[in-house]
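Biologist: Before I plan anything around this protein, I would like to go through the terms used to describe it and hear what stands behind each one. Could you show me the model first?

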Amino acid sequence: MGMFNNFLSLIKINKEKMTVLVVGLNNSGKSSIIQQFKRKNDTNSYISIPTVGFTHEEFYSQGVQFSVIDMSGAWKYRNLWQHQFKNCQGLIYVIDASDKMRMVVVKEELDILLQHPDLVNRSIPILFYGNKSDCDNSLSSVNIASVIVFFSSRTYFNL
């Protein structure tokens, strides 16, 4: 929850309700992260199944009602991401730090996302969430950042 609290303070929310879009490649851990946001003190285990299409979750945190859209990262569903861009007020881009082989795909999908007309002229906060950093041989946040080329004037947050 510390990471989520940092995200909230960085985007300086002055709203009662916010829609956040969670995207990333399949198996990056998007659904598991959302479950952690929802469960503050729950230590029960959570079994995640791959998201098909998208799921919608709502929870309340820091005085804000969050509507979170968890988009599938499977190749055949990534074209659905763009349908949610107009309505989102924040993005969480989840990166699997242990999946070195697909870092090029992570960068390509990020490039496509940031060039979309519904996002290019908007000031939307983006959190890059380096997940699975506790796995053996995972990339550090510095190494992930070196793989991804930041080419816009947006403000980027730490992994």
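**Reading the terms against the values**

Modeller: Let us start with Ser138, which sits in the loop between β5 and α5; please keep in mind throughout that this is a predicted model.

Biologist: What makes the approach of the Ser138 side chain to the backbone oxygen of Cys135 a polar contact?

Modeller: The side chain of Ser138 comes to 3.1 Å from that backbone oxygen of Cys135, and a polar contact requires a pair of N or O atoms within 3.5 Å, so the term applies. Leaving aside residues up to four places away in sequence, Ser138 also touches Ala97, Ser98, Lys132 and Ser133.

Biologist: Lys132 is in that list; what does the side chain of Lys132 meet in a salt bridge, and how do you know that the term is right?

Modeller: The partner is Asp96, with 3.3 Å from N to O, and the cut-off for a salt bridge is a Lys or Arg side-chain nitrogen within 4 Å of a carboxyl oxygen of Asp or Glu, so this pair qualifies. The pair links distant parts of the chain, with Lys132 in the loop between β5 and α5 and Asp96 in strand β4, 36 residues apart.

Biologist: Why is Lys132 called partly exposed, and is Asp96 buried or exposed?

Modeller: Buried means under 20% relative accessible area and exposed means over 50%. Lys132, at 22%, falls in between and therefore counts as partly exposed, whereas Asp96, at 9%, is buried.

Biologist: How many salt bridges does a search of the whole structure find?

Modeller: The search finds four, and one of them joins Arg78 to Glu109, whose closest N and O atoms are 3.3 Å apart. Arg78 belongs to the loop between β3 and β4 while Glu109 belongs to helix α3, so the pair ties together parts that are 31 residues apart in sequence.

Biologist: Why are Arg78 and Glu109 called buried, although they are charged partners?

Modeller: The term rests on accessible area, and the limit is under 20%. Arg78 has 11% relative accessibility and so counts as buried, and Glu109, with a relative accessible area of 14%, is buried as well.

Biologist: What can you say about the salt bridge between Asp111 and Lys107?

Modeller: Their side chains meet at 2.5 Å, N to O, which is within the 4 Å cut-off. Asp111 and Lys107 both lie in helix α3, four residues apart, or about one turn of the helix. An α-helix has 3.6 residues a turn, so residues three or four places apart point the same way. Asp111 is buried, with a relative accessible area of 14%, whereas Lys107, at 23%, counts as partly exposed.

Biologist: How do you know that the span of helix α3 is close to what is expected?

Modeller: Helix α3, residues 103–114, has 12 residues and reaches 16 Å from its first C-alpha to its last, which is close to the 16 Å expected at 1.5 Å a residue. The buried residues of this helix include Met103, Val106, Leu110, Leu113 and Leu114, and the buried residues of α3 pack against β1, β4, α4, β5 and α5.

Biologist: Turning to the record, what makes you say that Ser31 and Thr51 gather at one spot?

Modeller: UniProt, in an unreviewed entry, lists Ser31 and Thr51 under "binding site". They span 21 residues in sequence, yet their C-alpha atoms are no more than 7.6 Å apart, so they gather at one spot. Both Ser31 and Thr51 belong to the lining of the second largest pocket.

Biologist: Where are Ser31 and Thr51 placed, and are they buried or exposed?

Modeller: Ser31 is in helix α2, and Thr51 is in the loop between α2 and β2. With relative accessible areas of 10% for Ser31 and 15% for Thr51, each is under the 20% limit and is therefore called buried.

Biologist: What does Thr51 touch, and what joins its side chain to that of Asp70?

Modeller: Not counting residues up to four places away in sequence, Thr51 touches Ser31, Asp70 and Ser72. The side chains of Thr51 and Asp70 are joined by a polar contact of 3.4 Å, a distance within the 3.5 Å cut-off.

Terms used: Residues are numbered from 1 along each chain as its sequence is written. This is a predicted model: local features need pLDDT of at least 70, side-chain atom pairs count only at pLDDT 80 or more; totals for chains, interfaces and linings use all residues. Side-chain values use heavy atoms; hydrogens and water are left out. UniProt positions are given in the numbering used here, feature names are shortened, and annotations may be inferred rather than shown by experiment. On a 1 Å grid over the protein atoms alone, a cavity is a set of points where a 1.4 Å probe fits but cannot get out, and a pocket is an open set with protein on both sides within 12 Å along at least five of seven lines; lining residues have an atom within 4 Å of a point. Helices (H or I, at least four residues) and strands (E, at least two) are DSSP runs, numbered from the N terminus. Buried means under 20% relative accessible area, exposed over 50%, partly exposed in between (1.4 Å probe, protein chains only). Contact means heavy atoms within 4.5 Å. A polar contact is a pair of N or O atoms within 3.5 Å; within protein, one must be able to donate a hydrogen and the other to accept it, and residues adjacent in sequence count only if both atoms are side-chain atoms. The expected span of a helix is 1.5 Å times one less than its number of residues.
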